[in-house]
Amino acid sequence: MEFIDPAISAYAEKHSTPESSALQELNRETHARVLMPRMLSGHLQGRVLSMFSHMIRPKLILEIGTYTGYSAICLAEGLIPEGHLHTIDINDELQPLVKSYISKAGLENKITTHYGNAVNLIPALQGPFDLVFIDADKINYSNYYKLVFDKVNSGGYIIADNVLWSGKILEDTGKTDKDTRALQDFNEMIRNDKRVENVLFPIRDGLMVVRKVST
Ligand code: SAH
Ligand code: CA
């Protein structure tokens, strides 16, 4: 399901800051050479993530789900000068590609890549994080939220991607597949969490933006 008229999406992209040459090249190479290129955030969502990050001015960011590094580069753009981003992915085959584009973007001192199952790696990571971007396996979204929550500063943000899941989120909870059900449960959990304020932005595949108000 397209949430927004494709002509409107194209207009919005055209009237947003273009991708840097490194991101444009990474976008092209991901589409040419990597499986499931639809997972890459892309021009408009990438600029949204960069804009959010600039608004937050984070010192420490955690990303769960690196893929080819596109969103990591976008998020790192808003770091304060002494800031740092940690990103985790289970698939280490993409590491050489990710490293080369982090260098092309001039961010080799700002981004650390970690490889392994995020469920196992998060407990060993030291916060406090000002921004967490959840974008790995949908089945674990609620686990990731619970694992990171105490490591997020009060006033910090958790952003989760694909929370509208191409519109499948509207399907009957009892009749849908596991991933859709996990995302429905995640969205319900956020709605009922009194410790946070949140907005579900219907951008691309749905971005849940959560601000931690109290611990
Ligand atoms: N954030 C990227 C896209 C991420 S795609 C962007 O916007 O450009 C989702 C990624 O999650 C894939 O690369 C996949 O390998 C990774 N992933 C899936 N399950 C995981 C797990 N249990 N732990 C860590 N990463 C996982
Ligand atoms: Ca995604």
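**Group meeting talk: a calcium site, a ligand and a pocket**

Okay, let's start with the calcium ion, ligand 2: in sequence, its donor residues follow the spacing D-x25-D-N. One end of that pattern is Asp135, in the loop between β4 (129-134) and α7 (141-149), and Asn162 is in the loop between β5 (152-161) and α8 (178-192). Those two are 27 residues apart, so to speak a link between distant parts of the chain. Before I go on, please keep in mind that this is a predicted model.

Which atoms hold the calcium ion? On the protein side, Asp135 appears twice with OD atoms, Asp161 gives an OD, and Asn162 gives its OD1. These donors lie 2.3 to 2.8 Å from the ion. And are Asp135 and Asn162 buried or exposed? Both of them are buried.

Now, ligand 1. You'll meet Asp135 again here, as it is among the closest residues, along with Ser41, Gly65, Ser71 and Asp89. Altogether, 19 residues surround this ligand. Let's look at some nitrogen contacts. A nitrogen atom of ligand 1 is 2.8 Å from an N or O atom in the side chain of Ser71. For the side chain of Asn117, the distance from a ligand nitrogen to an N or O atom is 3.0 Å. With Ala118, it's the backbone that takes part: one of its polar atoms is 2.9 Å from a nitrogen of the ligand.

Next stop, the second largest pocket. Its volume is about 160 Å³. Which elements give two or more residues to its lining? They are α3 (43-56), β6 (196-201) and β7 (207-212). The strand β6 gives the most, with four residues. If you want to find the place on your screen, look for lining residues including Phe52, Tyr157, Phe201 and Arg211. What is the lining made of? It divides into eight nonpolar residues, one polar and two charged.

Let's compare a couple of helices. Tyr145 sits in helix α7, and it counts as buried because its relative accessibility is 1%, where the cut-off for buried is under 20%. From Tyr145 to Gly174 you go 29 residues along the sequence, and their C-alpha atoms are 23 Å apart in space. Then there's helix α1, residues 6-14. Why do we say that α1 lies largely in the open? Because the number of buried residues among its nine is zero. At its N-terminal end, α1 is capped by Asp5, with a side-chain oxygen 2.8 Å from the backbone nitrogen of Ala7.

Last bit: the backbone oddities. As a reminder, most residues other than glycine have a negative phi, and most peptide bonds are trans. So where should you look? One place is the peptide bond from Gly127 to Pro128, which is cis, with omega near -5 degrees. Pro128 is found in the loop between α6 (118-121) and β4.

Ser166 is another one to click on: phi is positive there, about 55 degrees, although the residue is not a glycine. Ser166 belongs to the loop between β5 and α8, and at 29% relative accessibility it counts as partly exposed. Arg204 has a positive phi too, near 45 degrees, and it isn't a glycine either. You'll find Arg204 in the loop between β6 and β7. With 31% relative accessibility, Arg204 counts as partly exposed.

That's my tour, thanks for listening!

How values were computed:
Residues are numbered from 1 along each chain as its sequence is written. Chains are lettered from A and ligands numbered from 1 in the order in which they are written. This is a predicted model: local features need pLDDT of at least 70, side-chain atom pairs count only at pLDDT 80 or more; totals for chains, interfaces and linings use all residues. Side-chain values use heavy atoms; hydrogens and water are left out. Donors are N, O and S atoms within 2.8 Å of the metal (3.2 Å for Na, K and Ca); water is not among the atoms, so sites may look incomplete. Buried means under 20% relative accessible area, exposed over 50%, partly exposed in between (1.4 Å probe, protein chains only). On a 1 Å grid over the protein atoms alone, a cavity is a set of points where a 1.4 Å probe fits but cannot get out, and a pocket is an open set with protein on both sides within 12 Å along at least five of seven lines; lining residues have an atom within 4 Å of a point. Grid points are joined across faces, edges and corners, and a volume is the space filled by probe spheres set on the points. Ala, Val, Leu, Ile, Met, Phe, Trp, Tyr, Cys and Pro count as nonpolar, Asp, Glu, Lys and Arg as charged, and the others, Gly among them, as polar. A residue is near a molecule or strand if one of its heavy atoms lies within 4 Å of it. A polar contact is a pair of N or O atoms within 3.5 Å; within protein, one must be able to donate a hydrogen and the other to accept it, and residues adjacent in sequence count only if both atoms are side-chain atoms.
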